[in-house]
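Q: Hi! Could you walk me through this one before I set anything up?

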Amino acid sequence: MKIKIVVVTFFLLLFIGAGSYFFTSLNTRGKAAGINLFSLVPSDCSAIFETNDLTSLLKELKGKSYGKELTTHGFSLIAKDLIDHFNELTASAPSGLSLRINKLLISFHSPGTEMDQVLYFPTNPGDEKWIEEQIQKKRPIDFPLKSVLYKGKKINICPMGGDLFLCYYKSSGFVAVSYSKRLIEQVIDAHISGNSVLTDKVFGFAKDTKTANGIASLYVKEKQTGWNYLNLKFDDDAINLSGITTDADTSSSFVNAIKEQSPIELFSGNIFPSSTYYMNQMSISQIQYIAVNSAQTEYDLASYGDDVKATDIQFMYFLKGNVSGSLAGFSFCSDDSIQRPFSLLCIPMQNSMKAEADLRLFMQNRSIKTESTAGGKIQLFNTGNRSYRFYSLPPSTIFSQLSGIKDADLNTYALFYKDKLLLAPDPVSALSYINQIEKGNIIEKDSIYKKNISHVDTHFNFLLMTDLGKLALYPEYRSRLIPDFFSQHMSFFSNFILLNQLVCRDRKVYPNLIFIYKGEK
């Protein structure tokens, strides 16, 4: 009986020990394979690209007219290298490794060049060594591999020839690669401290509200809309990004204003000159909301003084009482190609005679309260056989706020033209606009405009449409309404027309960005 007890106990302990070892090994491997790559991304990133099926993504892009733009223009150097060598990597990979390379992230960082990016992909034990061998194969034979320690972690530096140095950090369950040693150090910081992008509760909400399991996703961080989750879909001549915006407790006034709007319909193309390359449209309800909230958050009005802030608010209420429908801001080229482009706001009035009387009263009140002669003047300018009365408004940020032009100065001129109020930074811009409209040079006749506008929904809360290639020619007229991520990678996106529509439902903002491919430069 004692012998039986000893034998049974021995085998029981043996099975328990074997089971514990197997469970521990399986658990370790599972953790490695299932690491959350987002936990490695530094919290200051501006965008994150994610795909769980790189093979299908590259296969789909290969058949698109714009697919080769990814490898011929400076969108992402590290992504270009990955695409160039992906087939080679998967062909020579150990069994099953290609499935894990299929899942990856790319994070984008300031200042936004094609080098300011980190690529992450998960691994299982043993895979890191093989990946390291593949990276080292790409370096010139005359350049030795180097390594440095950062907070006890080893960063491998692989000279690639010229000024390029590929840095990578490997640990249990992942490899992070970048052409920037600084960014790899930030990845190590995030890995050690846990202070990654996941600590941003707004990003966490965007990630948790992921609306689809598409072939790829893009998370973009913007000052005005917070984190945007966008699901990518690739058509033959366009890239579609649709999803949801999130905003923190201290939401930007732009997001809050959009939520307050009622849906609007598209402006007729007959108000835009044929040379228009940028336009946005919003409804009057946003004007009222900006009057109370926007100035403090979108602009550093402390440097302008209380007079500018007061002018902004009072002029917004003037508009609220006289605007009919929605307003449009746009930029267009002059008939004379040598001249700079012009920017304008076109605002329909309920009653032009009443509105002009209200504007005179507004200017009179502001002049008395500020005891200043700056602004508040009436000037006559001639074009052709007609004279136009311009109102030089007191200094304000009105034009910049409503047009979306980032660097517009404080000078604004107002002019009543037909049943609309025109706002411009100078009289020449408004007169050039009138000349083109009077000649019948309107964009509504353009076939390309008609094709692009067909992508727009019949009702929306905000709309932006621009030729990114032409916009890139005039960096001094940057739009704050275009996400910085796309502006920073204009070498790629300049071959596209951008349509950005925001639609609100249940006090949530749903963006729909469509990049329509124009063809090669």
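**Helix H7 and beyond**

A: Happy to, starting at one helix end: just after H7, Gly 194 adopts a positive phi of about 80°. Keep in mind that this is a predicted model.

Q: What span should the 13 residues of H7 have, and how far apart are its end C-alpha atoms?
A: H7 covers residues 181-193, and at 1.5 Å a residue it should span 18 Å. Its end C-alpha atoms are 18 Å apart, so the two values agree.

Q: Which residues in H7 are buried?
A: Those are Leu 183, Ile 184, Glu 185, Gln 186, Val 187, Ile 188 and Ala 190.

Q: And what covers the buried residues of H7?
A: The cover includes strands E3, E4 and E5, along with E6 (164-171) and E7 (174-178).

Q: Let's zoom out. How many helices and strands does the chain have?
A: There are 18 helices and 20 strands. The chain has 521 residues, and buried ones make up 51% of them.

Q: What about contacts between residues at least 6 apart in sequence, how many join residues at least 24 apart?
A: That share is 67%.

Q: How much accessible surface does the chain have?
A: It comes to about 24,100 Å², and carbon and sulfur atoms account for 54% of that.

Q: Nice. Which residues touch the most other members in the largest nonpolar core?
A: That core has 79 residues, and the ones with the most fellow members in touch are Phe 315, Leu 359, Leu 393, Leu 421, Leu 423 and Phe 515. There is also a second, separate core of 37 residues, with Leu 344, Leu 431, Ile 442 and Leu 463 among them.

Q: Going back to Leu 421, what does it touch?
A: Setting aside residues up to four places away in sequence, its partners include Phe 315, Phe 318, Leu 319, Leu 345, Cys 346, Ile 347 and Met 349. Ala 414, Leu 415 and Phe 416 are also touched by Leu 421.

Q: Switching to a polar residue: where is Thr 51 found, and is it buried or exposed?
A: Thr 51 sits in strand E1, which runs over residues 47-51. Its relative accessibility is 1%, so Thr 51 counts as buried, the cut-off being under 20%.

Q: What does the side chain of Thr 51 reach?
A: Two backbone atoms: the nitrogen of Asp 53 at 3.1 Å, and the oxygen of Ile 215 at 2.8 Å. Leaving out neighbours within four places in sequence, Thr 51 is in contact with Leu 57, Asn 102, Lys 103, Leu 104, Ile 215 and Ala 216.

Q: I always check backbone oddities. Which residues does a cis peptide bond join?
A: Ser 110 and Pro 111, with omega at about 5°. Pro 111 lies in the loop between strand E2 (104-108) and strand E3 (117-122).

Q: Which residues other than glycine have a positive phi?
A: Two to look at are Lys 151, with phi near 50°, and Lys 418, with phi near 55°. Lys 151 is in the loop between E4 (146-150) and E5 (153-161), while Lys 418 is in the loop between E16 (413-417) and E17 (420-424).

Q: Are those lysines buried or exposed?
A: Lys 151 has a relative accessible area of 55% and is exposed. Lys 418 is exposed too, at 60%.

Q: Last one: where is Pro 341 found?
A: Pro 341 is in the loop between strand E12 (326-332) and strand E13 (342-348), and it is buried, with a relative accessible area of 3%. Pro 341 and Ser 275 are 66 residues apart in sequence, with 9.5 Å between their C-alpha atoms.

Key: Residues numbered from 1 in each chain as written. Predicted model: local features only at pLDDT ≥ 70, side-chain atom pairs only at ≥ 80, totals over all residues. Heavy atoms only, no water. Core = buried A, V, L, I, M, F, W, Y, C linked by side-chain atoms within 4.5 Å. Buried < 20%, exposed > 50% of the residue type's maximum accessible area, 1.4 Å probe, protein only. Contact = heavy atoms within 4.5 Å. Helix = DSSP H or I, 4+ residues; strand = E, 2+ residues; numbered from the N terminus. Polar contact = N/O pair within 3.5 Å; in protein donor to acceptor, adjacent residues only side chain to side chain. Expected span 1.5 Å × (residues − 1). Areas by Shrake-Rupley, 256 points an atom, 1.4 Å probe, with all protein chains shown as cover.
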